[in-house]
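Reader: I've got a structure open on my screen and I'm not sure where to begin. Can we go through it together?

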Amino acid sequence: MNTSRADYCVVACKEALAGSGEILVSPFGVVPPIGARLARATSEPDIVLTDGEARAIDADGNVESWLPFRYIFDLLSSGKRHVFMMPVQIDRFGNMNLSCIGPHDHPKVQVIGSRGAPGNTINHATSYWVPRHTSRTFVERVDFVSGVGVDRGGLVHQVITNLGVFDLEGGTMRVKSLHPGVTMDEVRENTGFTIDGDEAPTREPTPEELELIARLDPNDSRANEVS
Amino acid sequence: MSATSSAKTSLSDKRCTTDDVVAQISDGMTIGIGGWGSRRKPMALVKALCRSDVKDLTVVSYGGPDVGLLCAFGKIKKLISGFVTMDSIPLEPHFRTARQSGAVEFMELDEGMLQWGLYAAANRLPFMPTKAGLGSDVLSTNPSIKTVTSPYGGEEVVAVPPLKLDVALVHMNRADKHGNAQYLGPDLYFDDLYCMAADEAFVSCERIVDTFDEGSFHTLRISRMYTDGVVETPLGAHFTSCAPDYERDEAAQTRYAKAAADPDEWKAFADEYVAR
């Protein structure tokens, strides 16, 4: 079976959830939801996933609880959640912008708004998914701090991109692993701040994982997100 | 009202029209709009507002095309929200244009802070404490929002001020003529809180019923004690979703979003959409 770059990203998202236990996982984008379902099907059977419309759905497709937005807000304050969000900008401390480019009182580009990022990052594990790692996203300074970085008390867990996996365990972003074919130079060229770390390879998906990924995403929608 | 006419013998009949609702709204008011993103938005009421002369509104909303349409018609002076999105189309074009041209001030909050603001207003509290916002630019861009030190151990938390509304507009699946209202979809969102936080609350609905025969009584989440007017507006949330009565009309939403890029196309779309 051919292993794609997207498959490595899916497995990296699964790995980011290692040891989660019984928490709600809220994955945005295409790859993180596949990673979360892969985690539940293998090493993390206890995690809770929703259909995005107020229903927690178990692995067999049955509704297991009702989670309207106000319950999600309560739940996130309890800390029992891990969210994957997609930054517009992120800095070396994991401060994340989802609001606008340029000054907030007269932005050059208005995006979606901070959503729940301030509350998420201060309360529970938050990982970031960047399907296209560029120096436009990985910036020296974000224009608006929506999600707080580790220097401001944020619980930023990992950053997963089409190039590799990054963590902030040392207080600033470091390379944890590189996907096959990616070099440290390529990461540096596409990152707007100084970055270093391990040149360890991202773990290869097992045959069992590849089979599950194919079943979870039969139309290969992940390939549209990561080329 | 004279003293002799005060002997009331029947429940208030609060049925009215969308124009009656808009007549209660004046320049500069703070309006809360229920729903979430492009889900169960009171679009019939929003469209009536767009047809009116009202201006300089402060709008509180988990924003979707309600905010976009009001921006396109120049009704909003200030938006209080955590986001504006149409869900299946992530970015709201009219909101973006309004922001990028400097036409609309954006009081940007965390989603949970917005709920707490409504909750504080509904409960007549000076603030609600939360950790959300700490360290973020939601605080630095809103200097009016303060932190407070807990009297129980000294932890510093954000004191979310009440978001008191002049008027709330929500769309529900069913209501009776007295202003009790029911949702039949997956999520109430925060529509009850909008009504409770407002001086006057108006409910539009798919159908006015004599008795609530669908769903369980647990879904009767808005009481007439909080509502001032009821409008029957079939398809009143269109093109946003109003499950189970109808899903989002993705084709219409796409037309709306695409038309925003071209003034002539937009005029044609808006003339047809807002006229009714």
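What follows is a set of questions and answers about this predicted model.

Reader: Let's begin with two helices in chain A. At what angle do helix 2 and helix 6 of chain A pack, and what do we call that arrangement?

Author: Helix 2 covers residues 31-41 of chain A and helix 6 covers residues 207-216, and their axes are 10 Å apart. The angle between them is about 125°. Angles between 115 and 145 degrees fall outside the parallel, perpendicular and antiparallel ranges, so helix 2 of chain A is, relative to helix 6 of chain A, oblique.

Reader: Which residues make that contact, and how do they divide into nonpolar, polar and charged?

Author: Helix 2 of chain A brings A:Ile34, A:Arg37, A:Leu38 and A:Ala41. From helix 6 of chain A come A:Glu209, A:Leu212, A:Ile213 and A:Leu216. Sort the residues of this contact by class and you get 6 nonpolar, no polar and 2 charged.

Reader: Now the place where the chains touch. Which helix gives the largest share of the side of chain B that touches chain A?

Author: The contact takes 32 residues from chain B and 31 from chain A. On the chain B side, the elements giving two or more residues are helix 4 (93-100), helix 5 (111-122) and helix 6 (137-140) of chain B. The largest share is 4 residues, and these come from helix 4 of chain B.

Reader: Let's stay with that helix, then. How many residues of helix 4 of chain B are buried, and which elements do they pack against?

Author: Helix 4 of chain B is mostly covered, with 6 of its 8 residues buried. Those are B:Pro93, B:His94, B:Phe95, B:Arg96, B:Ala98 and B:Arg99. Within chain B, they pack against helix 3 (65-72), strand 4 (105-108) and helix 8 (250-259), and from chain A they meet strand 8 (109-110).

Reader: Where does B:Val59 sit, and is B:Val59 buried or exposed?

Author: B:Val59 belongs to strand 2 (residues 57-61) of chain B. Its contacts beyond four places in sequence are B:Ile31, B:Ile33, B:Val67, B:Leu70, B:Ile76 and B:Leu79. The cut-off for burial is 20 or more other C-beta atoms within 10 Å. B:Val59 has 26, so B:Val59 counts as buried.

Reader: How far apart in space are B:Val59 and B:Ile80?

Author: Along the sequence, 21 residues separate B:Val59 and B:Ile80. In space, going C-alpha to C-alpha, the distance is 6.0 Å.

Reader: What about the largest nonpolar core: how many residues does it have, and which helix gives the largest share?

Author: The largest nonpolar core has 132 residues, and those with the most contacts inside it are B:Leu165, B:Ala168, B:Tyr194, B:Ala197 and B:Val203. The largest share of this core is 8 residues, and they come from helix 1 (residues 5-16) of chain A.

Reader: Which residues is B:Ala168 in contact with, leaving aside neighbours within four places in sequence?

Author: Two of the core's best-connected residues, B:Tyr194 and B:Ala197, are on the list. The others are B:Gly32, B:Cys195, B:Ala198, B:Ala201 and B:Phe202.

Reader: I've heard that backbones can do odd things. Where are the cis peptide bonds in the loop between strand 11 and helix 8 of chain B?

Author: Most peptide bonds are trans, so a cis one deserves a look. B:Phe239 lies in the loop between strand 11 (229-232) and helix 8 of chain B, and B:Pro244 is in that loop too. One cis bond, with omega near 10°, runs from B:His238 to B:Phe239. Another, with omega about 0°, joins B:Ala243 and B:Pro244.

Reader: And B:Asp87 and B:Arg124: which one is exposed and which one is partly exposed?

Author: B:Asp87 is in the loop between strand 3 (76-81) and helix 4 of chain B and has a positive phi of about 65°. B:Arg124, in the loop between helix 5 and strand 5 (128-130) of chain B, has a positive phi near 55°. B:Asp87 has 17 other C-beta atoms within 10 Å, so B:Asp87 is partly exposed. B:Arg124 has 9, so B:Arg124 counts as exposed.

Methods:
Residues numbered from 1 in each chain as written. Chains lettered and ligands numbered in written order. Predicted model: local features only at pLDDT ≥ 70, side-chain atom pairs only at ≥ 80, totals over all residues. Axes fitted to C-alpha atoms, helices over the stretch in contact; angles between N-to-C directions. Parallel < 35°, antiparallel > 145°, perpendicular 65-115°, else oblique. Contact = placed C-beta atoms within 7 Å. Nonpolar A, V, L, I, M, F, W, Y, C, P; charged D, E, K, R; others polar. Core = buried A, V, L, I, M, F, W, Y, C linked by C-beta atoms within 7 Å. Buried ≥ 20, exposed ≤ 12 C-beta atoms within 10 Å, placed from the backbone.
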